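Got the model open in your viewer? Let's walk through it one selection at a time.

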Amino acid sequence: MSEQLSSTAVPSGSFLDRYFSIQQRGSTVRQEVIAGLTTFLAMVYSVIVVPNMLGQAGFDPGAVFIATCLIASFGSLLMGLWANLPMAIGCAISLTAFTAFSLVLGQGMSIPVTLGAIFLMGVTFTLVSVTGIRQWVLANLPKGIAHGTGIGIGLFLLLIATNSVQLIVANSAGLPVKLGDINSLPVIATILGLAATIGLERRGVPGGILLVIIALSVFGLVFDPSVKYQGLFALPNLTSEHSLIGQLDIMGAFNPVVLPIVLALVMTAIFDATGTIRAVAGQANLLDKDDNIVGGGKALTSDSVSSMVAGLVGGAPAAVYIESAAGTAAGGKTGLTATIVGVLFLLMMFLAPLSYLVPAYATAPALMYVGLLMLSNVAKLDFDDKVDAMAGLTCAVFIILSCNIVTGIMLGFVTLVVGRICSGEWRKLKVGVLAITLGLVVFYMGGWAI
């Protein structure tokens with residue numbers, strides 16, 4: 001095993017090793033490359049989903065495609081080259097939906113003012129990050145809720161992946177969801193893909209997750225009529241009349257009607273993105289002895305700055321992608337993983353047709369596998385401290401039931417505080433925990449939650 005590791009490890013003292021601390025974190029260049037490819041393939045669907053969502057609100061889909069690639073490239077490169085963490089950044093799907101269907105279609109905001117609001121959100125979010133407020137939130141995140149967030153995100157990943165292939169679908173009566181068509185090709189391919197992923201990972205096959213994604217993509221191209229080769233190259237047009245680069249209206253975003261929306265976006269991002277970063281870092285074993293994220297300050301700033309860029313280039317607010325956990329599960333431990341993702345998204349602007357060769361059922365098994373891995377956070381809960389453990393489980397369960405990370409975190413904090421008081425353990429409550437709980441309750445009771 002040691003001989004195999006040394007054959008794939010970057011030479012000691014080389015530039016890559018020094019810059020990314022590859023050997024220090026127990027990784028190899030090959031491992032990082034595989035992790036980067038895995039993360040990219042797990043989140044490349046965003047270049048189709050984001051333009052489609054914003055296109056329904058009147059954005060030019062071609063311009064949004066370019067913006068989506070630029071945001072993912074910039075954010076991931078910043079995270080990789082500066083923060084040195086294996087986390088990829090892209091347009092947040094939840095906030096993309098909010099931008100399209102609530103801001104533009106629901107409230108009738110113009111596209112320039114919407115982009116101005118996203119930029120203003122990014123500026124505010126960055127100030128919150130660099131001044132240490134987000135780090136303070138992380139420091140006051142009880143261990144039970146921190147682990148519960150990881151469990152909940154794992155469950156959320158399972159729901160997202162199974163719904164993307166219609167294995168689990170909405171139910172018109174009774175319970176909210178039900179089993180989809182078990183005989184459909186995407187469902188069968190997904191189930192077999194998950195089983196194959198588990199088997200390959202158990203055997204320790206290098207790049208097992210990536211191999212399954214590639215195999216199912218090839219299978220789809222050969223046997224699935226809906227997967228068609230649509231070409232290889234497509235030159236992006238950055239100067240067309242439909243381009244959204246630099247089209248934001250910042251002054252319009254200072255309208256008293258728009259400012260509460262900006263604050264809602266910031267509040268949501270603080271807990272949603274922060275919770276995701278904490279969960280992915282935990283899954284990648286990138287927490288120090290005090291349970292703090294290695295390079296956490298830079299990580300928090302990287303995704304907030306990316307939202308500023310989103311407003312400038314014409315996309316949706318950015319955040320660390322949950323799918324980054326697919327890369328960390330494949331062995332990614334350094335910023336080289338995120339750097340590879342950033343470079344691939346830059347190339348994606350020229351290889352747009354290739355994105356259609358990766359069907360949902362090719363990446364769903366990877367996300368499901370990662371979701372299952374993240375459920376292992378249950379073992380980290382301290383059931384000797386029942387209030388803390390149950391608050392964590394409350395957080396996890398309501399992340400999946402509400403399909404909202406912030407909602408789960410809010411209910412976890414409320415459960416912890418009320419539970420401590422009722423159990424007579426109120427002395428264990430920190431002032432910071434009480435302040436966060438109060439802020440979240442006011443945020444929700446005031447109707448500002450997204």
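A pocket here is an open set of grid points with protein on both sides within 12 Å along at least five of seven lines, and its lining residues are those with an atom within 4 Å of a point. Keep in mind that this is a predicted model.

**Stop one: the largest pocket.** Its volume is about 970 Å³. To find the middle, select Tyr45, Ile93, Ser94, Ile160 and Glu323, the closest to its centre of the 41 residues that line it. Next, colour the elements that give two or more residues to this lining: H3, helix H4 (46-55), helix H6 (93-104), helix H9 (143-164), H13, strand E4 (318-320) and helix H17 (360-374). Which of them gives the largest share? That's H13, with five residues. Colour the lining by residue type and you get 29 nonpolar, nine polar and three charged residues.

**Stop two: the largest cavity.** The structure holds two cavities of 30 Å³ or more, and the largest has about 50 Å³ of space in it. Select Val137, Leu138, Leu141, Ile270, Phe271, Thr274, Gly275 and Ile409 to show its lining. Helix H8 (133-139) and helix H13 (259-283) each supply at least two of these residues, and H13 turns up again with the largest share, four. Six of the lining residues are nonpolar, two are polar and none is charged.

**Stop three: Glu32.** Go to helix H3 (residues 29-43) and pick Glu32. Where is the nearest side chain of opposite charge? It belongs to Lys333, 7.3 Å away, and Glu32 is buried without a salt bridge. Show Thr334 as well: its side chain makes a polar contact with that of Glu32, at 2.9 Å.

**Stop four: the salt bridges.** There are three in the structure. Start with Arg420 and Asp385, whose side chains meet at 2.9 Å, N to O. This pair links distant parts of the chain, 35 residues apart: Arg420 sits in helix H19 (residues 405-422), while Asp385 is in the loop between H17 and helix H18 (386-402). Arg420 counts as buried because its relative accessibility is 6%, and Asp385 counts as buried too, at 16%.

Now add Glu425, which forms a salt bridge with Arg420, the closest N and O atoms being 3.0 Å apart. Glu425 is partly exposed, with a relative accessible area of 25%. Finally, select Lys428, which meets Glu425 in a salt bridge at 3.8 Å, N to O. Keep Asp385, Arg420, Glu425 and Lys428 on screen together: salt bridges that share partners join them into one network.

Technical notes:
Residues numbered from 1 in each chain as written. Predicted model: local features only at pLDDT ≥ 70, side-chain atom pairs only at ≥ 80, totals over all residues. Heavy atoms only, no water. 1 Å grid on protein atoms, 1.4 Å probe; cavity = no way out; pocket = protein on both sides within 12 Å on 5 of 7 lines; lining within 4 Å. Points joined across faces, edges and corners; volume = space filled by probe spheres on them. Nonpolar A, V, L, I, M, F, W, Y, C, P; charged D, E, K, R; others polar. Buried < 20%, exposed > 50% of the residue type's maximum accessible area, 1.4 Å probe, protein only. Lys, Arg positive; Asp, Glu negative; His and termini not counted. Salt bridge = Lys/Arg side-chain N within 4 Å of Asp/Glu carboxyl O. Polar contact = N/O pair within 3.5 Å; in protein donor to acceptor, adjacent residues only side chain to side chain.
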